[in-house]
Amino acid sequence: RGASRGIDLARMTRDDREFSIVIFGATGDAGRAVCRYLATKQGARPVKWAVAGRSKAKLETLVSSLGGSSAPSVLLADACDASSLLRIAERATLVFSAVGPYSRLGEPMVKACLVARTHWADITGEVFWVGEMEAKHGEAAAAAGVTLTSLCGYDSVPCELSLHVARKALKLGARHSELLDAEAVTQLNVPEGGGAPAGTLLTVLTALGSNALGLAKGYAAFARSNDESAALWPVLRSMLGSLSLGWSPQAGCFTLAHFMFWCNVPVVHRSFGARGANPLRFRDREQLPMPAAWWNLWHLLPALGLYAAIGLALPLFYLAALLPPLRAAAERRLAAYSYQGDASSSFAVLTRASCGKRAVDVTFACPGDPGIYGTALLAAECSLGLVDATRRGALAPGFTTPAIALGDALVDRLRAAGCTIEAKATQP
């Protein structure tokens, strides 16, 4: 298809492409945030980039609102128009896609990137979709020399990179016989109350209404990506271990399952297994929001009321996903909903990892709320890191995750961008 435009993609290097990065889905909540970051936070050597989407008017309004010294170009493409996707993929070293739900809209651009031999990055948390895509297109990606890096946002860079840092701090080799036991506790500082991006809510709605068997197959394919004969029990054990209410010594707080544990756990296991380091037991948890005087019933009641409201809302959300009329109504509401994020927020992931008589505490702290500003920082730095690795010839083709693809280079980039990533020895 690329030959129709007079481009010999087989002989063209990625350094010859017009744009280093194209942001596809640039006018959505997450896409806008990534664009704001690229426009204002690039260093002394900014890359040439472009924004892409369906509406020229919205894209031009976005570009005019961006600060910075390097205004992006505007490209038109529709997730349902394969020829338009191929046209923008042919012009880029890397396409970063913020168009979700990925299980509904992601595959056409994946296919375009494979044809155009263009790298891909995304911020999906849909590990089942990544597993499905790898099963369908993994061999084609390897043959084309294309790297497809998923899960580049809050899902699941903090947890995955924290375990990468812990593994190095503990000096674990390619193989070790002792169990690595790790627990990550997320602490949120959201003074404005926070919120959830519309894309995240729509993704959950789509997943709840999807075929359960298909989701399970994709999930298993992702978890077994390093070894098709590998047992799923270690992943399941880690997921079950994440569910209970508990106390975290390193964080000094009560904890419960992190709301994205079902995504982070298989990602961490995959990343850890890719380096030949096994076995692993990992729990993904978050701080239980509690009033300072939690032992006082009067102070505890508001927190209990919040948890009761969430518990009541979940069945209603699931019902909306299953019944077509309610689902259509929910999707219309979400189409009109927007969450712009909160730059004053921050989050931290505190991880304690122990192996035998050795233990290490890893702190990963990031400015911005998890869903928008924090994810924008993580995704933009992952994308810039992938472009830099492409120039150095340091990318392995195929489906991968940020820590596997970039490792220490990503740690260095995020530190320079304002994140705190540090490890210190502690008692197991």
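Guide: Helices (H or I, at least four residues) and strands (E, at least two) are DSSP runs, numbered from the N terminus. This is a predicted model, in which local features need pLDDT of at least 70 and side-chain atom pairs count only at pLDDT 80 or more, while totals for chains, interfaces and linings use all residues. Residues are numbered from 1 along each chain as its sequence is written, and side-chain values use heavy atoms, with hydrogens and water left out.

Visitor: How many helices and strands does the protein have?

Guide: Helices carry an H and strands an E in these labels. The protein's count is 16 helices and 14 strands.

Visitor: What share of the residues in the protein is buried?

Guide: Buried means under 20% relative accessible area, exposed over 50%, partly exposed in between (1.4 Å probe, protein chains only). The protein has 428 residues, and the buried share of them is 51%.

Visitor: Among contacts between residues at least 6 apart in sequence, what share joins residues at least 24 apart?

Guide: A contact is a pair of residues with heavy atoms within 4.5 Å. Take the contacts in the protein between residues at least 6 apart in sequence. The share that joins residues at least 24 apart is 77%.

Visitor: Which residues touch the most other members of the largest nonpolar core?

Guide: Such a core is a set of buried Ala, Val, Leu, Ile, Met, Phe, Trp, Tyr and Cys residues joined through side-chain atoms within 4.5 Å. The largest one has 114 residues. Those touching the most other members are Phe24, Phe96 and Leu414.

Visitor: Which helix gives the most to this core?

Guide: The core has 114 residues. The top contribution is 11 residues. They come from residues 370–391, which form helix H14.

Visitor: Where is the place of phenylalanine 96?

Guide: Phe96 is one of the three residues that touch the most other core members. Its place is within residues 92–97. That run is strand E4.

Visitor: Is phenylalanine 96 buried or exposed?

Guide: Its relative accessible area is 0%. Leave aside residues up to four places away in sequence, and Phe96 touches Ile21, Val22, Ile23, Phe24, Val34, Ala121, Asp122, Ile123, Ala379 and Ser383. With its area at 0%, phenylalanine 96 is therefore buried.

Visitor: How many Å apart in space are phenylalanine 96 and leucine 148?

Guide: In sequence these two are 52 residues apart. In space, C-alpha to C-alpha, their separation is 9.9 Å.

Visitor: How are H3 and H5 oriented to each other?

Guide: Axes are lines fitted to C-alpha atoms, for helices over the stretch in contact, and angles run from 0 to 180 degrees between N-to-C directions. The axes of H3 (residues 82–89) and H5 (residues 107–116) come within 9 Å and cross at roughly 50°. Leu85, Leu86, Ile88 and Ala89 of H3 make the contact with Pro108, Met109, Ala112, Cys113, Val115 and Ala116 of H5. H3 and H5 are therefore oblique (under 35 degrees is roughly parallel, over 145 roughly antiparallel, 65 to 115 roughly perpendicular, the rest oblique).

Visitor: What is the orientation of H5 to H6?

Guide: H5 and H6 (residues 127–144) pack with their axes 10 Å apart, at an angle of about 10°. Because of that angle, H5 and H6 are roughly parallel.

Visitor: Which residues in H5 meet H6?

Guide: The H6 side consists of Trp129, Met133, Lys136, His137, Ala140, Ala141 and Ala144. Facing them from H5 are Glu107, Val110, Lys111 and Leu114.

Visitor: At what angle do H7 and H16 pack?

Guide: H7 covers residues 157–169 and H16 covers residues 408–416, with axes 10 Å apart. Val157, Leu161, His164, Val165 and Lys168 of H7 make the contact with Asp408, Leu410, Val411 and Leu414 of H16. The packing angle is about 115°.

Visitor: Where is proline 101 found?

Guide: The peptide bond from glycine 100 to proline 101 is cis, with omega near 0°. Proline 101 lies in the loop between E4 and H4 (102–105).

Visitor: Which residues does the cis peptide bond with omega about 10° join?

Guide: One partner, serine 156, is in the loop between E6 (147–149) and H7. The bond joins aspartate 155 and serine 156.

Visitor: What is the relative accessible area of arginine 117?

Guide: Arginine 117 is in the loop between H5 and strand E5 (119–122). Its phi is near 55°, a positive value in a residue other than glycine. It counts as partly exposed because its relative accessible area is 31%.

Visitor: Does leucine 151 count as buried or exposed?

Guide: Leucine 151 is in the loop between E6 and H7. Its phi is positive too, near 65°. Its relative accessibility is 0%, so leucine 151 counts as buried.
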